[in-house]
Amino acid sequence: KGRVLTPDQPEFNEAAFGGLWNHLRPTRHPQILVQVTGDDDVIAAIKFAKANHIKVTVRGGGHNWCNPSLRNSGMLIDLTNLTKVISIDAENKKAIVEPIISNRDIQKALNAKGLSYPSGHCPEVKLSGYLLSGGMAWNQGEWGPGVGSVEAIELVTADGELIKASATQNQDYFWAARGSGCSFFGVVLRYHLKLYDLPKAITSSVYYYHHDDVVKVAEWLQTVAPQLSNKVELSLFVVKAPAELKEQAKNTGGVVAMVTGTMFANTADEGKAALALLDTCPVIGKCLKKSVNEPMTFEQLFDASGALWPAGLRSRVDAMFSDASPATIFSALKEHNEHFPSDTTVFMFAIFTGKNVPAPLLTDAAFSMSAKLYGGPWTMWQSAGDDAANSAWHDKCVKLLAPHVCGHYVSESNTVLHPEFARGAFKKANWDKLQSLKAKH
């Protein structure tokens with residue numbers, strides 16, 4: 001019932017490339033692109049591919065920065081049309097959703113019923129690509145990664161069979177779907193999710209500091225993070241200064257340090273108390289600008305995240321896990337970060353809070369990365385004429401970070417240029433098991 005397109009058709013290029021988040025687009029493309037409308041289309045496409053010995057890739061939204069859904073030749077199954085919330089059971093805190101609902105839209109549907117889910121941060125990211133990769137989530141300290149709240153999946157196998165997988169049935173598929181990313185050997189059509197009560201008083205504080213003080217701020221954050229509730233999401237950024245701070249940043253390449261803390265609280269007093277420690281920075285007297293204990297909704301969190309990672313840009317991205325100290329990371333990159341090649345680039349590390357860091361790993365999931373810090377460079381720019389300068393800056397950034405990295409995140413690392421980053425997104429036992437399951441299924 002859906003569209004089947006080949007490269008000789010005028011609509012093909014828009015279908016293959018138009019929906020990709022990253023405008024630094026590859027030239028590789030499939031022989032056949034199938035925009036499915038439901039289960040039967042997926043089954044028909046897989047059976048056709050199997051009969052004709054055609055390899056298959058799946059697009060679960062097109063937000064992955066290095067576009068792994070685009071391969072040379074083969075068939076691309078595009079799930080773009082599968083955007084529905086099938087059901088929300090508020091009493092039992094369960095939901096069933098199709099794969100291409102965005103982070104913003106799933107929260108909007110759930111929040112209206114007083115519920116929430118550990119969705120990703122960027123508003124336009126679609127659920128399937130996010131969940132298959134593990135799911136670095138809002139309120140991850142309390143709720144865990146997104147994939148930890150996936151209770152079952154419905155999928156089509158490489159034999160064209162529609163099955164359900166969970167902890168008690170078709171466990172190979174369930175294990176792999178929880179973290180294997182674009183290596184998953186099936187087409188997920190529905191996710192069964194465990195839900196949570198919506199925090200009633202989400203509270204956020206933001207502090208800007210001169211970049212000269214970034215290492216002092218990072219040292220302080222290392223001591224503060226274990227004292228904070230695990231419901232506080234804490235991050236240290238280097239970003240281009242907002243307009244009102246440009247003068248203060250002119251001697252450091254136009255960049256400033258930004259500390260953000262978001263508490264997923266149930267009362268305003270709880271949020272205020274949890275974030276009070278962020279006012280104890282040893283250079284708080286030199287703070288350039290701050291907003292403290294601002295009440296937030298998920299809609300507002302998505303607006304803020306969307307402003308940091310805007311659409312329509314060319315991008316190089318590599319997100320990493322590290323057990324180094326924040327001061328080590330930001331000291332190693334201090335000089336380099338004062339030469340941002342564009343105004344839209346973001347350098348950021350989340351610093352996990354609470355005493356139980358790094359968090360324990362899931363025991364029944366391919367997702368197997370956990371560390372004290374998570375982040376890296378999101379190098380983003382407008383013009384093709386700036387590709388070389390931005391790519392060179394990004395590559396040096398990755399090189400400077402390499403000694404401090406203990407793992408990568410499979411959906412936010414350039415596994416096309418660096419296939420070793422895919423292996424580095426898994427503990428060895430999990431990587432070996434994934435390869436074995438791929439060969440089997």
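This report describes selected residues, cores and empty spaces in a predicted model.

**Nonpolar cores**

The largest nonpolar core holds 66 residues. Within this core, the residues that touch the most other members are Val 150, Ile 153, Phe 184, Tyr 191, Leu 193, Trp 309 and Trp 378. Helix α6, which covers residues 171-177, supplies the largest share of the core, 5 residues. Another core lies apart from it and has 42 residues, among them Tyr 207, Tyr 209, Ala 225 and Met 263.

Tyr 191 shows what such contacts look like for a single residue. Leaving aside residues up to four places away in sequence, Tyr 191 touches Ala 95, Ile 96, Val 97, Pro 99, Ser 128, Leu 131, Leu 132, Val 150, Ala 152 and Ile 153. Two residues in that list, Val 150 and Ile 153, are also named among the core members that touch the most others.

**Two buried residues in regular elements**

Val 156 is part of strand β8, which covers residues 150-156. Is Val 156 buried or exposed? Its relative accessible area is 0%, so Val 156 is buried. Again not counting residues up to four places away in sequence, Val 156 touches Val 42, Ile 43, Ile 46, Glu 161, Leu 162, Gly 186, Val 187 and Leu 189. Thr 252 is 96 residues from Val 156 in sequence, and the C-alpha atoms of the two are 53 Å apart in space.

Gln 107 sits in helix α3, made up of residues 103-111. Gln 107 counts as buried because its relative accessibility is 0%. The side chain of Gln 107 makes a polar contact, at 3.0 Å, with the side chain of Ser 119. Ser 119 also appears among the residues that Gln 107 touches, together with Ser 116, Tyr 117, Phe 298 and Phe 302, when residues up to four places away in sequence are not counted.

Phe 302 and Phe 298 bring in another helix. Helix α9 covers residues 298-308 and contains Asp 303. Asp 303 is partly exposed, with a relative accessible area of 45%. The C-alpha atoms of Asp 303 and His 121 are separated by 9.8 Å, although these residues are 182 residues apart along the chain.

**Loops and backbone details**

Pro 358 is located in the loop between β18 (346-351) and β19 (373-381). The peptide bond that leads from Val 357 to Pro 358 is cis, and its omega is near 0°. Ser 370 is placed in the loop between β18 and β19. With a relative accessible area of 16%, Ser 370 is buried, because the cut-off for buried is under 20%. The side chain of Ser 370 reaches the backbone oxygen of Ala 359 at 2.6 Å. The residues touched by Ser 370 are Pro 358, Ala 359 and Leu 361, not counting residues up to four places away in sequence.

Two other loop residues have a positive phi although they are not glycines. The table sets them out.

| Residue | Phi | Loop | Relative accessibility |
|---|---|---|---|
| Ser 73 | about 75° | between β3 (56-59) and β4 (75-78) | 37%, partly exposed |
| Lys 93 | about 55° | between β5 (85-89) and β6 (94-97) | 29%, partly exposed |

**Empty spaces**

Rolling a probe the size of a water molecule over the atoms shows where empty space is left. How many cavities of 30 Å³ or more are there? The count comes to 1. The largest cavity has a volume of about 40 Å³. Its lining consists of Ser 133, Gly 179, Phe 321, Phe 367, Met 369, His 408, Tyr 409, Val 410, Ala 425 and Phe 426. By class, 7 of these lining residues are nonpolar, 3 are polar and none is charged.

The second largest pocket has a volume of about 240 Å³. Its lining is made of 13 residues, and those that lie nearest its centre are Pro 68, Arg 71, Cys 182, Thr 415 and Ala 422. Sorted by class, the lining of this pocket has 9 nonpolar, 2 polar and 2 charged residues. The lining of the second largest pocket thus includes charged residues, whereas the lining of the largest cavity has no charged residues.

Key:
Residues numbered from 1 in each chain as written. Predicted model: local features only at pLDDT ≥ 70, side-chain atom pairs only at ≥ 80, totals over all residues. Heavy atoms only, no water. Helix = DSSP H or I, 4+ residues; strand = E, 2+ residues; numbered from the N terminus. Buried < 20%, exposed > 50% of the residue type's maximum accessible area, 1.4 Å probe, protein only. Polar contact = N/O pair within 3.5 Å; in protein donor to acceptor, adjacent residues only side chain to side chain. Contact = heavy atoms within 4.5 Å. 1 Å grid on protein atoms, 1.4 Å probe; cavity = no way out; pocket = protein on both sides within 12 Å on 5 of 7 lines; lining within 4 Å. Points joined across faces, edges and corners; volume = space filled by probe spheres on them. Nonpolar A, V, L, I, M, F, W, Y, C, P; charged D, E, K, R; others polar. Core = buried A, V, L, I, M, F, W, Y, C linked by side-chain atoms within 4.5 Å.
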